Amino acid sequence: MPWSTRELAELASTTVNTIRHYHRMGMLDEPERRDNGYKQYEVQHLVSLLRIRRLAGLGVPLSRMRNLRTGAEGAPHVLRDLDAELQVCIERLQGVRADIVEVLRHRTPADGAEPA
């Protein structure tokens, strides 16, 4: 049974505007239209939409997902790159936290100036 854009959005817990955005970006195939001009989405559209939403939820930028769609990069490659970027971020944040602990431990001003 084909779904309308609204029904597809509800099934994927997203909005009609999000689906339209994915169409504009070329990330989601345009479905066939009924005689009345309404789009009729099939299971493959729902699967693609759910995949896009899952990858976005994991932090994959939409621009990288376009590459996944064309086959230029595989999802494991993109996810490994994202994981490496997150690891660098985590290490930087851990360093910041260590600096904060030192500032608090020694009750020094955060700007490094000696107290008056």
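**Exercise 1. Decide whether H45 counts as buried or exposed, then find what surrounds it.**

Let's start with accessibility in this predicted model.
- Step 1: H45 has a relative accessibility of 6%.
- Step 2: The cut-off for buried is under 20%, so H45 counts as buried.
- Step 3: Now place the residue in the fold: H45 belongs to helix α3.
- Step 4: Leaving aside residues up to four places away in sequence, the contacts of H45 are L8, L28, D29, E30 and P31.

**Exercise 2. Work out how helix α2 is oriented against helix α3, and which residues make the contact.**

Keep both helices in view for this one.
- Step 1: Find α2 at residues 16-24 and α3 at residues 43-57.
- Step 2: Their axes come within 12 Å and cross at roughly 95°.
- Step 3: Angles of 65 to 115 degrees count as roughly perpendicular, so α2 is roughly perpendicular to α3.
- Step 4: On the α2 side, the contact is made by T18, I19 and Y22, while α3 brings L49, I52 and R53.
- Step 5: Sorted by class, this contact has 4 nonpolar, 1 polar and 1 charged residues.

**Exercise 3. Compare the span of helix α5 with the expected value, then look at its buried residues and what follows the helix.**

One last helix to walk along.
- Step 1: Helix α5 covers residues 75-105, which is 31 residues.
- Step 2: From first C-alpha to last, α5 reaches 44 Å, close to the 45 Å expected at 1.5 Å a residue.
- Step 3: The buried residues of α5 are A75, V78 and L82.
- Step 4: After α5 comes R107, with a positive phi near 50°.

Notes: Residues numbered from 1 in each chain as written. Predicted model: local features only at pLDDT ≥ 70, side-chain atom pairs only at ≥ 80, totals over all residues. Heavy atoms only, no water. Axes fitted to C-alpha atoms, helices over the stretch in contact; angles between N-to-C directions. Helix = DSSP H or I, 4+ residues; strand = E, 2+ residues; numbered from the N terminus. Parallel < 35°, antiparallel > 145°, perpendicular 65-115°, else oblique. Contact = heavy atoms within 4.5 Å. Nonpolar A, V, L, I, M, F, W, Y, C, P; charged D, E, K, R; others polar. Expected span 1.5 Å × (residues − 1). Buried < 20%, exposed > 50% of the residue type's maximum accessible area, 1.4 Å probe, protein only.
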